[in-house]
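Visitor: Could you take me through one part of this model up close? I'd like to hear about a single helix and the side chains on it.

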Amino acid sequence: MKRGRTKETLKDRLELVLAYDRAQIPPGKVDALRNDLLEVVRRYFPAGNSSVEVEQRGDMVVLMANIPLDEPPAPGGRSR
């Protein structure tokens, strides 16, 4: 079962590499962008477990951000 998952992971990574190549994105550029985005998101939403995923859709490389937004505390420190 693990072999099938490894095969899928390898296939997904190869598709991303090919998409980066087609889009003429230099190696490491997407990872740097992902890290920069997470740094900025964490600055404004420090408590959330944010993530940025990279997907390949046809010839496009798509960055998908998952940013949980916590409700800010009510004035006076009371929570709902």
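Guide: Here is a close look at helix H2, with a little of the surroundings to begin with.

Keep in mind that this is a predicted model. The protein has two helices and two strands, and along the sequence they run α-α-β-β. Helix H2 covers residues 29-44, and among the elements it has the highest mean pLDDT, at 84, while helix H1, residues 2-22, has the lowest, at 76. For the protein as a whole the mean pLDDT is 76, with 81% of residues reaching 70 or more.

Now to the charged side chains. Side chains of opposite charge can pair when their charged atoms come close. The count for this model is two salt bridges. Let's start with arginine 34, which pairs with aspartate 31; their closest N and O atoms are 2.6 Å apart. Why are these two set about one helical turn from each other? Because they are three residues apart in helix H2. As for how much surface they show, arginine 34 is partly exposed, with a relative accessible area of 21%. The cut-off for buried is under 20%, so a value of 21% falls in the partly exposed class. Its partner, aspartate 31, is partly exposed too, at 40% relative accessibility.

Further along helix H2 comes the other pair, glutamate 39 with arginine 43. Here the closest N and O atoms are 3.9 Å apart, and the salt-bridge rule asks for within 4 Å, so the pair counts. Glutamate 39 and arginine 43 are four residues apart in helix H2, so about one helical turn separates them as well. Arginine 43 has 51% relative accessibility and counts as exposed, because the class begins at over 50%.

Move on to tyrosine 44, also in helix H2, and the theme changes from charge to nonpolar surface. Tyrosine 44 is exposed, at 58% relative accessibility. It belongs to a nonpolar surface patch with Val40, Phe45, Ile67 and Leu69, and together the five have about 490 Å² of accessible area.

To put that patch in context, the whole protein has an accessible surface of about 7,000 Å², and 55% of it belongs to carbon and sulfur atoms. Buried residues make up 14% of the 80 residues. As for contacts between residues at least 6 apart in sequence, 34% of them join residues at least 24 apart.

Terms used. Residues numbered from 1 in each chain as written. Heavy atoms only, no water. Buried < 20%, exposed > 50% of the residue type's maximum accessible area, 1.4 Å probe, protein only. Contact = heavy atoms within 4.5 Å. Areas by Shrake-Rupley, 256 points an atom, 1.4 Å probe, with all protein chains shown as cover. pLDDT = per-residue confidence, 0-100. Salt bridge = Lys/Arg side-chain N within 4 Å of Asp/Glu carboxyl O. Patch = residues over 30% accessible without salt bridge, like charges linked within 9 Å, V, L, I, M, F, W, Y side chains within 5 Å.
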